Structure formats: structure tokens, C-alpha cells
Amino acid sequence: MQKQEMPRAWQRMLSGRRLDLLDPSPFDIEIEDIAHGLARVARWNGQTVGEHPFSVAQHSLIVEMILRYKFPKLPVEAALMALLHDGPEYVIGDMISPFKSAIGAGYKHIEERLEAAIHLRFGLPPHPGKELKKRIKEADRISAYFEAVHLAGFEQHEAKILFGHPEDLTEEQLPIKPWSTQQAQDAFLERFHSLHDLLGT
């Protein structure tokens, strides 16, 4: 009986790294690959207005910005985890929440393992603590509200039901207009390096 080959579970990155999606190693993760990938992953499955797709890289910068606005004394480590909160999407894409729910625990397990590998690669705890995770999620929902209303065609009342309403922020305070791929990639890398340098790892 012929032995059945296991399906390939790794992806080759532009850096030359081969990242195993089922058993990711921190040694196979490079920030340049993350920035490149996230700048090319579209939020809302690309269903947004504007000349450019609204990228996960730009969204990540906004989430970190919102978190710092709400918590001015935010530790650098927490800010870096906020910036990387969607890091796994550089290889598994940005699945909209209804689809994630339909897939179930399998997707979440892969996402968590990738998050841990990314965090360990850059000297962070494998996952944010419960309170920080809650704060990042709140900032994520605030960003989603503005994205939904100003980019994805949602009515304000509909977005408010789905994401809540940010009482103390306006879209003028955030870079909500979609950037080009290169601008998003460069801005994400610049912010990462500024935070990582402060972290001193």
C-alpha cells in the first residue's frame, strides 16, 4: 500500500523563509514579510470605496493609534502587540467575521499559533493578556465603525449596532482614506521599527 503524502502546509515568503502554517516557527518570521503581506490584504474583502483597497496594514496602524489615544500611558510592549494584532493575516488573509464563525475553531487555532510565533520572534509574550486583548478589541471595533461608515457603505445606525459608536473620536483624527500599497507598507514598517527600538529587544 502506497504511503499517502501529507499536504504541503508551508508558504514561501519573499525573504526566502518557508513558514509552516500548522507549526510556525519564530525563526521563519520576518517583519518585512509581514508588512509586505498586510499591505496587500484588503479589509472588507475589498468592498470599499477609493482608488486603493483599504489594507490590513493601514487598519493595524489605526488600531494602535486609537489605543494610544484612549490610553496615553500605554506601554510600548502593548502598543507593539496592538500593531501586530492582525499579524497572522499576512499568510492566512483577512476573513470577515461571519466566515470565521462558520469555519469554527480550526481557523482560530491556526491564528493563535501564528500570533504566538510572531510575538516570540519580536520579544513579546505569546499572546496579550486578558485586559490588553479587550482594549485592542475595543480599538479594533472603533476602527471598524469608521471603516464601515466611510469606506464600506454602511449606514451609521447599522454600523453602531454592529461595532458600537466611538463617542470621543472622529474620522478627521484618523488616516481613514485608503493609502497605496507602498505607503501602507512603508508606514507599517516605520511604526514597527520605532516601537521595537523602544522595546530594546
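Which residues in α2 meet A78, A79, A82 and L83 in α3? Keep the question in mind while setting up the view; the helix pair comes up at the second stop.

**Colour by confidence**

This is a predicted model. The protein averages a pLDDT of 91, and 91% of the residues score at least 70. Colour the chain by pLDDT and select residues 97-103, which form helix α5: its mean pLDDT of 64 is the lowest among the elements of the protein. At the other end of the scale is helix α1, residues 31-38, with the highest mean, 98. Where pLDDT is low, the predicted coordinates should not be read in detail.

**α2 against α3**

Select residues 56-70 for helix α2, then residues 76-83 for helix α3. The two helices pack with their axes 8 Å apart, at an angle of about 150°, and α2 passes α3 in a right-handed crossing. To answer the opening question, show side chains: on the α2 side the residues are S60, L61, V63, E64 and L67, and they meet A78, A79, A82 and L83 in α3. By class, the residues of this contact divide into 7 nonpolar, 1 polar and 1 charged.

Stay on α3 and switch to a surface. Of its 8 residues, 6 are buried, and the helix is mostly covered. The buried residues are A78, A79, L80, M81, A82 and L83.

**α2 against α7**

Keep α2 selected and add residues 130-150, helix α7. The axes of α2 and α7 lie 9 Å apart at an angle of about 120°, and the crossing is right-handed. From α2, the contact uses H59, I62, V63, I66, L67 and K70. From α7, it uses L132, R135, I136, E138, A139, D140, I142, S143 and E147. These residues divide into 8 nonpolar, 2 polar and 5 charged.

**Zoom in on H59**

Is H59, in α2, buried or exposed? Its relative accessibility is 0%, so H59 counts as buried. Which side chains does the H59 side chain reach by polar contacts? One is that of D140, joined to the side chain of H59 by a polar contact of 2.7 Å. Another is the side chain of S143, at 3.2 Å. Now widen the selection around H59, leaving aside its neighbours within four places in sequence: the residues in contact with H59 are R43, F54, H85, D86, D140, S143 and E147. Of the α7 residues listed for the helix contact, D140, S143 and E147 thus appear again around H59.

**α1 against α9**

Go back to α1 and add residues 181-199, helix α9. The pair packs at an angle of about 145° with axes 8 Å apart, in a right-handed crossing. I31, E32, I34, A35, H36 and L38 of α1 make the contact with Q185, F188, L189, F192 and H193 of α9. Sorted by class, there are 7 nonpolar, 3 polar and 1 charged residues in the contact.

α1 is mostly covered, with 6 of its 8 residues buried. Those residues are I31, D33, I34, A35, G37 and L38.

**The loop after α1**

Follow the chain into the loop between α1 and α2 and pick W44. Its phi is near 60°, a positive value in a residue other than glycine. Pick N45 as well, in the loop between α1 and α2: although not a glycine, N45 has a positive phi of about 55°. Which of these is buried and which is exposed? W44 counts as buried because its relative accessibility is 16%, under the 20% limit. N45 is exposed, because its relative accessible area of 52% is over 50%.

**Last stop: A117**

Select residues 105-121, helix α6, and find A117 within it. At 3% relative accessibility, A117 counts as buried. What is in contact with A117, once neighbours within four places in sequence are left aside? The residues are P24, S25, P26 and I29. For a sense of distance, draw a C-alpha to C-alpha line from A117 to H165: the two are 33 Å apart in space and 48 residues apart in sequence.

Terms used:
Residues numbered from 1 in each chain as written. Predicted model: local features only at pLDDT ≥ 70, side-chain atom pairs only at ≥ 80, totals over all residues. Heavy atoms only, no water. pLDDT = per-residue confidence, 0-100. Helix = DSSP H or I, 4+ residues; strand = E, 2+ residues; numbered from the N terminus. Buried < 20%, exposed > 50% of the residue type's maximum accessible area, 1.4 Å probe, protein only. Polar contact = N/O pair within 3.5 Å; in protein donor to acceptor, adjacent residues only side chain to side chain. Contact = heavy atoms within 4.5 Å. Axes fitted to C-alpha atoms, helices over the stretch in contact; angles between N-to-C directions. Left-handed = near helix turned anticlockwise from the far one by under 90°. Nonpolar A, V, L, I, M, F, W, Y, C, P; charged D, E, K, R; others polar.
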